[in-house]
Amino acid sequence: WTMAALHPDLFAAAAPLYGWAHTAPMENLCNVPVFNQHGTRDWVVPVDFSRYSLALLQRLGYTAAHKEFPEHGHNVPEVDAVAWMLHRRRPGEPECVVLTTDTADRASAYWLRLHRLRDPHVLTRVVARVSGRGPGQTVGLTAANADVVELSVDRMPVDRQEALLVQAEQCLLEVGAPLPARLFLVRGSDRWTAVPR
């Protein structure tokens, strides 16, 4: 759970077994389908831990499957999950990226990276979503507690030969074409600005 949630862009899918995810940033799994398995007779990690994680992913609208084994404890056959995972591929340029973190040190996923947090003691959640490709393309951004956000434009599902509208919370910014390979969004005292470095 934790490895996939901390580094979602490294995985095509995740298949946790009889684990718990109460400390993992589950929101980050929006592009990582999950197949969880748990034995109902598990006395080491109760099956309710997995049921909670699955319910959370379903509330977020993410792809998740869960299989329970009534006759098993803290060991289950992994055959179903392995075959399922082998049919998954990592998304190259996902339209939506969610990044929840408590540090800016290794905070990145797909085409989104955090460089500076407003308060290092507060959990940070950034959601970035691309809409359209070509004329009128837009990226919307909500960034609770983030002061500097990097967009790797060359890895986003956008046309770099067209302008990009950036809706950073209440600020609408227009970045002219051709788009730079990297774009930094910087929060000032009352508004966001977009700079190429």
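Strand 4 and strand 5, the latter made of residues 112-117, pair with each other in the antiparallel sense over 2 bridges. Within this pairing, S108 stands opposite R113 of strand 5. The model described here is a predicted one, and the paragraphs below follow its sheet, its salt bridges, its cysteines and its largest pocket in turn.

The pairing of strands 4 and 5 belongs to an open sheet of 5 strands, whose order is 4-5-8-11-12 and whose pairing is antiparallel. At the edges of this sheet lie strand 4, covering 108-109, and strand 12, covering 192-195, and each of these edge strands pairs on one side only.

**Salt bridges**

How many salt bridges does a search of the whole structure find? The search finds 8, and three of the pairs are set out in the table below, each with the distance between nitrogen and oxygen.

| Pair | N to O distance |
|---|---|
| E71 and R41 | 3.7 Å |
| D147 and R187 | 3.5 Å |
| R182 and E150 | 3.2 Å |

The side chains of E71 and R41 meet in a salt bridge. This pair links distant parts of the chain, for E71 sits in the loop between strand 2 (64-69) and helix 3 (79-85), while R41 sits in the loop between strand 1 (34-39) and helix 2 (47-60), the two being 30 residues apart. With a relative accessible area of 59%, E71 is exposed, whereas R41, with a relative accessible area of 45%, is partly exposed.

D147 forms its salt bridge with R187, and here too distant parts of the chain are linked, with D147 in strand 8 (residues 146-152) and R187 in strand 11 (residues 182-187), 40 residues apart. Are D147 and R187 buried or exposed? Both of these residues are buried.

A further link between strands 8 and 11 comes from R182 and E150, which form a salt bridge; R182 lies in strand 11 and E150 in strand 8, 32 residues apart. R182 is partly exposed, with a relative accessible area of 43%, while E150 counts as buried at 6% relative accessibility. Salt bridges that share partners also join residues into one network, which consists of R118, D147, E169 and R187.

**Cysteines**

The count of disulfides in this model comes to 0. Why does C30 form no bond with C96, which holds the closest cysteine sulfur? The sulfur of C30 lies 4.7 Å from the sulfur in C96, and the two are therefore too far apart for a bond, given that a disulfide requires a pair of cysteine sulfur atoms within 2.5 Å. As for their surroundings, C30 is partly exposed, with a relative accessible area of 22%, whereas another cysteine, C171, counts as buried at 9% relative accessibility.

**The largest pocket**

Rolling a probe the size of a water molecule over the atoms shows where empty space is left. In this model, the largest pocket holds about 160 Å³ of space. Its lining is made up of L6, T23, A24, P25, M26, E27, L56, T100, T101, D102, R106 and L123. Which kinds of residue, nonpolar, polar or charged, make up the lining of the largest pocket, and how many are there of each? The lining residues divide into 6 nonpolar, 3 polar and 3 charged.

Note on methods
Residues are numbered from 1 along each chain as its sequence is written. This is a predicted model: local features need pLDDT of at least 70, side-chain atom pairs count only at pLDDT 80 or more; totals for chains, interfaces and linings use all residues. Side-chain values use heavy atoms; hydrogens and water are left out. Two strands pair if DSSP finds at least two bridges between them. Helices (H or I, at least four residues) and strands (E, at least two) are DSSP runs, numbered from the N terminus. Buried means under 20% relative accessible area, exposed over 50%, partly exposed in between (1.4 Å probe, protein chains only). A salt bridge is a side-chain nitrogen of Lys or Arg within 4 Å of a carboxyl oxygen of Asp or Glu. On a 1 Å grid over the protein atoms alone, a cavity is a set of points where a 1.4 Å probe fits but cannot get out, and a pocket is an open set with protein on both sides within 12 Å along at least five of seven lines; lining residues have an atom within 4 Å of a point. Grid points are joined across faces, edges and corners, and a volume is the space filled by probe spheres set on the points. Ala, Val, Leu, Ile, Met, Phe, Trp, Tyr, Cys and Pro count as nonpolar, Asp, Glu, Lys and Arg as charged, and the others, Gly among them, as polar.
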